Amino acid sequence: SAAPARPPFPEFPRDFLWGVSTSAHQIEGAADERGASVWDAFTAVPGNVKDGSTAAVACDHYHRYREDVALVRDLGVDAYRFSVSWPRVLPTGAGAVNPAGLDFYDRLVDELCAAGVRPVPTLFHWDTPLVVQQAGGWLNRRTAEKFAEYAAVVAARIGDRVTKWITLNEPAEHTLLGHALGQHAPGERLLFDALPAAHHQLLAHGLAVRALRAAGARDIGIANSHGPTWPASGAEDDTAAADFYDLLLNRLFADPLLLGAYPEGIGELMPSRDLAADLKVISEPLDWYGINFYQPTKVGAPLPEGTAAEFAGVTLPPELPFSPRPIDGYPVTAFGWPVVPDALPELLAVFRDRYGDRLPPLVITENGCSYDGLDDQDRIAYLDGHLRALHGALESGADVRGYFVWSLIDNFEWAEGYRQRFGLVHVDHATQVRTPKASYHWLRETLRARRP
Ligand code: GBH
């Protein structure tokens with residue numbers, strides 16, 4: 001189909017950082033060449049992944065990283081965000097290193113540097129070593145300390161060439177989907193008893209920031225999932241329910257990092273003998289703050305008895321004090337998520353109001369969508385729409401320094417398996433053949449136009 005005519009693409013600042021994102025478990029494969037993670041155990045249980053697939057091979061990126069780095073280079077972006085697999089570096093989570101695993105990241109970073117692409121590693125994107133999980137995982141405070149030791153091991157090896165770091169990816173989603181609702185690994189359904197997993201991830205983040213800085217690392221951030229919460233109506237029960245949801249998904253993670261305090265009533269629920277000391281670690285000043293943005297969420301009061309509420313494809317337990325509602329009137333992606341570009345500037349404005357001077361420079365560390373097909377005009381429209389909205393936010397003073405598309409290539413989309421495709425590049429999962437989509441060509445031309 002012919003591309004629709006669009007007004008000229010807006011001009012972003014010269015030094016704006018353009019990038020693409022992936023994560024280890026979703027693309028690397030080579031599962032037999034690393035320690036097991038919670039996701040290996042989770043996908044082994046029938047029913048947990050909708051198409052019954054696993055990430056044992058995934059995109060075989062572990063063996064094909066040169067081809068993938070060439071795709072990043074040819075796209076013309078400045079940076080590549082990937083994640084380091086903790087069980088690949090430390091198969092049991094601590095102690096003995098897997099030399100081949102550490103070598104892989106060393107070679108990947110070299111390949112990126114040689115291609116003129118800045119490596120931006122994320123240290124944790126949900127693939128906790130199984131051995132660490134067997135010791136309690138994120139419900140055990142000791143996991144935070146092990147994570148900091150792992151961070152130091154990675155920094156010692158690739159820190160000489162890495163100039164931008166991310167500690168964790170979306171502790172909110174990992175708490176909610178992995179520990180509260182059981183839709184992701186490790187498959188815990190603890191509801192509000194999942195809160196310790198949030199605290200220990202935040203603590204792990206703070207300890208890792210310190211470990212990275214002690215190893216000489218600079219320019220450290222985190223990638224948090226955020227979106228505006230829309231109350232289902234102006235009625236008080238709906239606004240109160242929406243406010244509570246917003247607290248759990250947004251403020252529970254941003255407040256301790258940026259303000260050094262949990263939202264009211266939450267600190268008391270956290271497992272800590274010295275909460276003030278923990279919050280000092282958690283709020284270790286960040287050089288920048290990453291936001292993964294996908295969509296707004298509409299939330300109302302719990303539905304009447306017997307009416308099931310759904311979130312991210314899971315039927316929610318009726319005892320929750322809120323219920324997500326459908327957002328009508330917008331196009332939806334193949335995943336069913338509404339496409340609302342203006343919700344991004346709305347979110348940035350909320351952050352500015354809420355955190356003011358405490359807010360470090362921002363980077364959009366993920367934004368993207370699932371659509372099928374090589375001629376993905378709908379993905380182009382999604383990215384174009386969000387980038388125009390983002391540009392508008394920059395003009396009204398938002399301090400956003402970069403934007404990363406999720407994702408470079410189609411990959412293992414967690415509980416959905418391979419049936420949701422977020423890539424700029426199509427992957428035939430039977431043959432591993434990579435084919436750039438129309439959106440890849442569009443982004444390349446858009447970025448090329450901005451360079452002299
Ligand atoms: C990210 O999480 C992950 O970091 C990444 O690994 C993943 O591949 C990517 O997004 C795409 O999923 O409209 O009610 O169904 C995204 C977190 C949680 C955001 C669920 C969208 C949809 C809620 N997402 N949410 S709903």
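Modeller: Let's start with a term: a residue is near a molecule or strand if one of its heavy atoms lies within 4 Å of it. This is a predicted model, where local features need pLDDT of at least 70, side-chain atom pairs count only at pLDDT 80 or more, and totals for chains, interfaces and linings use all residues. Residues are numbered from 1 along each chain as its sequence is written, and side-chain values use heavy atoms, with hydrogens and water left out.

Colleague: Thanks! Which residues come nearest to the ligand?

Modeller: There are 16 residues around the ligand, and those that come nearest are Gln 26, His 125, Glu 170, Glu 413 and Trp 414. By type, the shell holds 8 nonpolar, 4 polar and 4 charged residues. Here Ala, Val, Leu, Ile, Met, Phe, Trp, Tyr, Cys and Pro count as nonpolar, Asp, Glu, Lys and Arg as charged, and the others, Gly among them, as polar.

Colleague: How should I read polar contacts, and which oxygen distances does the ligand have to the side chain of Glu 413?

Modeller: A polar contact is a pair of N or O atoms within 3.5 Å; within protein, one must be able to donate a hydrogen and the other to accept it, and residues adjacent in sequence count only if both atoms are side-chain atoms. In this model, an N or O atom in the Glu 413 side chain lies 2.6 Å from an oxygen atom of the ligand. For His 125, a polar side-chain atom is 2.8 Å from a ligand oxygen, and for Trp 337 the distance is 3.4 Å. The ligand on its own has 600 Å² of accessible area, and the protein covers 89% of that (Shrake-Rupley method, 1.4 Å probe; for residues, only the protein chains shown count as cover).

Colleague: Now Asn 250: is this residue buried or exposed?

Modeller: Buried means under 20% relative accessible area, exposed over 50%, and partly exposed in between, with a 1.4 Å probe and protein chains only. Asn 250 has a relative accessible area of 4%, so this residue is buried. Its place is in helix α10, residues 236–259; helices (H or I, at least four residues) and strands (E, at least two) are DSSP runs, numbered from the N terminus. The Asn 250 side chain makes polar contacts with the side chains of His 226 at 2.8 Å and Asp 246 at 2.7 Å. Beyond neighbours within four places in sequence, Asn 250 is in contact (heavy atoms within 4.5 Å) with residues including Ser 225, Thr 229 and Arg 354.

Colleague: Asp 246 has a charged side chain. Which residue does Asp 246 meet in a salt bridge?

Modeller: Side chains of opposite charge can pair when their charged atoms come close. The rule for a salt bridge is a side-chain nitrogen of Lys or Arg within 4 Å of a carboxyl oxygen of Asp or Glu. Asp 246 meets Arg 251 in this way, 2.9 Å from N to O, and both residues are buried.

Colleague: How many salt bridges does the rule count?

Modeller: The count comes to 32. One of them joins Asp 74 and Arg 73 at 3.0 Å; Asp 74 is partly exposed at 38%, and Arg 73 is partly exposed at 42%. Another pairs Glu 445 with Arg 448 at 3.4 Å. These two are 3 residues apart in helix α14, so about one helical turn separates them. There is also a network of salt bridges linking Asp 103, Asp 106, Asp 110, Arg 157, Asp 160 and Arg 161.
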